[in-house]
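Thank you for making time for this; I would like to walk slowly through one structure with you. Please keep the sequence and the model in view while I talk.

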Protein chains: 2
Amino acid sequence: MNALNSLTQEDLGSAAQRERRRRILDATISLASHGGFDAVQMRAVAEQADVALGTLYRYFPSKIHLLVSALGREFEEAQARRAGKPIPGDTPAERVGLILGRTTKALQKDPNLTEALTRAFMFADASVSAEIHHVGLILTSMLTEAMSGRQDEGEPTEEEIAVARVIGDVWLSSLVGWVTGRSSAEDVEKSMTVAIRLLLR
Amino acid sequence: MNALNSLTQEDLGSAAQRERRRRILDATISLASHGGFDAVQMRAVAEQADVALGTLYRYFPSKIHLLVSALGREFEEAQARRAGKPIPGDTPAERVGLILGRTTKALQKDPNLTEALTRAFMFADASVSAEIHHVGLILTSMLTEAMSGRQDEGEPTEEEIAVARVIGDVWLSSLVGWVTGRSSAEDVEKSMTVAIRLLLR
DNA sequence: CGTCAAAGTGGAACATGTTCCTATTATTGC
DNA sequence: GCAATAATAGGAACATGTTCCACTTTGACG
């Protein structure tokens, strides 16, 4: 286990530690939701989570690890909420459009949180690759499931994965544009519609 | 003129000021090239450019402005070097693949510089939108020119622009993956090949 | 030339991410 | 239960982006 990685669930034997980790991530989400990336200050997170600054750094070796881990937890929860519910729509384009639109709208309801998590994701370097990869997998599987219309049963094809990656990239780029105030919510929707039309026809 | 924006050429009447601006950007590129994003420290830039720290902030209101402006200058120079030279290749896919491959290879020759500029680009917020937009335009026009095979004469179609944007997004996302050490140079090439195949067929 | 405003200098001061150290508390192996 | 080990608390210290200020230089104008 690399010391640069943040502690994952498996490493945390004791309930008290899982509890601390939860409190830290809760504080992170709460602060991010109020004031975005800049409001997630390590001292503030530590205080709100009721742990010492050193402990915070023991659990998450940097602010970026912390935020990307929080993003990972959010994605997991969203994935769990989707589980078992088939995505409506008759064509891959419809289903992907629908789920992306739904997710985008959910993100846009909490702009500060989205800004904090998105920027951390884009700024993360190699030391965060495990957490990043985790998030990437959930995103890709969300898209391939929407494309194929099936859930879990049956692996996606290479082609489906390739298309999902491209769509995911476009989605991320346009989210970045939105969270940084360079483009509007409608612009994001429009980009996604165009990308889906070009890729899923 | 918004005080938050960096001084552009037009604002700089005196030759001494243009000269200072050039020295600052030169120092930025030089430091970035040596040690990447982290090595571009404002005090170091000021010292190497032989200006006071306050003056540096007068010209560029933040490190991100500074780096994105440097990226803008590099893009302009690259665009000027391309001017007039037709892109070889018989199909849009070939031409786009060629020019993207060429550009990617050039960037990969100076990983530190690329890392610094790319991260600044992705981290930039709304106060940098002018500079970001400038870079975005050059990138899009590079791609539409490659697609159509013509230079300047004749505006690109809506469809060409839409495809160029998607390809640009994928390219940026995969560059981010590369500069942050999460994917290899070959991965970038592969992503681009796949995106081009999916979009330009 | 003398004057005045703008620009530049040098450097202190501040904010926040990160590191480090010591004392205290919890956990674990015997 | 006790000794050893690990984890946490509390907080100082450091690094770097950013702001601010007092002073000097430059350049434009009458």
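**Two chains and two DNA strands**

I begin with one contact to the DNA: a side-chain N or O atom of B:Thr55 lies 2.7 Å from a phosphate oxygen of DNA strand C. Please bear in mind throughout that this is a predicted model, and that the distances I quote are computed from it.

Staying with DNA strand C, we find that B:Tyr59 also places a polar side-chain atom 2.7 Å from a phosphate oxygen of that strand, while from the other chain A:Gln41 has a polar side-chain atom 2.8 Å from a phosphate oxygen of the strand. These three residues are also named among the nearest of the 17 residues around DNA strand C, a group of nearest residues that further includes A:Arg43 and B:Arg58. If we then ask which part of the strand the protein meets, sugar and phosphate make up 69% of the atoms of DNA strand C that come within 4 Å of the protein.

Which elements supply at least two residues each to the surface near DNA strand C? They are α2 (42-49) and α3 of chain A, together with α1 (15-39) and α3 of chain B, and α3(B) gives the most, with 3 residues. Sorted by class, this surface has 7 nonpolar, 4 polar and 6 charged residues.

Let us turn now to DNA strand D, which is surrounded by 17 residues, the closest being A:Ala52, A:Thr55, A:Arg58, A:Tyr59 and B:Arg43. Of the atoms of DNA strand D that come within 4 Å of the protein, 69% belong to sugar and phosphate. Looking at single contacts, the side chain of A:Arg20 has an N or O atom 2.9 Å from a phosphate oxygen of DNA strand D, and the side chain of B:Tyr57 has an N or O atom 3.1 Å from a phosphate oxygen of this strand. For B:Val40, by contrast, the atom concerned is a backbone N or O atom, and it lies 3.5 Å from a phosphate oxygen of DNA strand D.

Two or more residues of the surface near DNA strand D come from each of α1 (15-39) and α3 (53-59) of chain A, and from each of α2 (42-49) and α3 (53-59) of chain B. Here the largest share, 3 residues, comes from α3(A), and by class the surface divides into 7 nonpolar, 4 polar and 6 charged residues.

I would like to finish with the place where the two protein chains meet. How many residues of each chain are in contact there? The answer is 27 residues of chain B and 27 residues of chain A. Together the chains bury about 2500 Å², with 61% of that area on carbon and sulfur atoms, and B:Met122, B:Phe123 and B:Arg182 supply 25% of the area that chain B buries against chain A, more than any other three residues.

Between the chains there are 2 salt bridges, one of which may be followed on the screen, where the side chains of B:Arg197 and A:Glu159 meet at 3.3 Å, N to O. The side of chain B that touches chain A draws two or more residues from each of α6 (111-123), α7 (129-148), α8 (158-179) and α9 (185-199) of chain B, and α8(B) gives the most, with 8 residues. By class, that side of chain B has 16 nonpolar, 4 polar and 7 charged residues.

How values were computed
Residues numbered from 1 in each chain as written. Chains lettered and ligands numbered in written order. Predicted model: local features only at pLDDT ≥ 70, side-chain atom pairs only at ≥ 80, totals over all residues. Heavy atoms only, no water. Contact = heavy atoms within 4.5 Å. Buried area = accessible area lost by both parts, 1.4 Å probe. Salt bridge = Lys/Arg side-chain N within 4 Å of Asp/Glu carboxyl O. Helix = DSSP H or I, 4+ residues; strand = E, 2+ residues; numbered from the N terminus. Nonpolar A, V, L, I, M, F, W, Y, C, P; charged D, E, K, R; others polar. Near = heavy atom within 4 Å. Polar contact = N/O pair within 3.5 Å; in protein donor to acceptor, adjacent residues only side chain to side chain.
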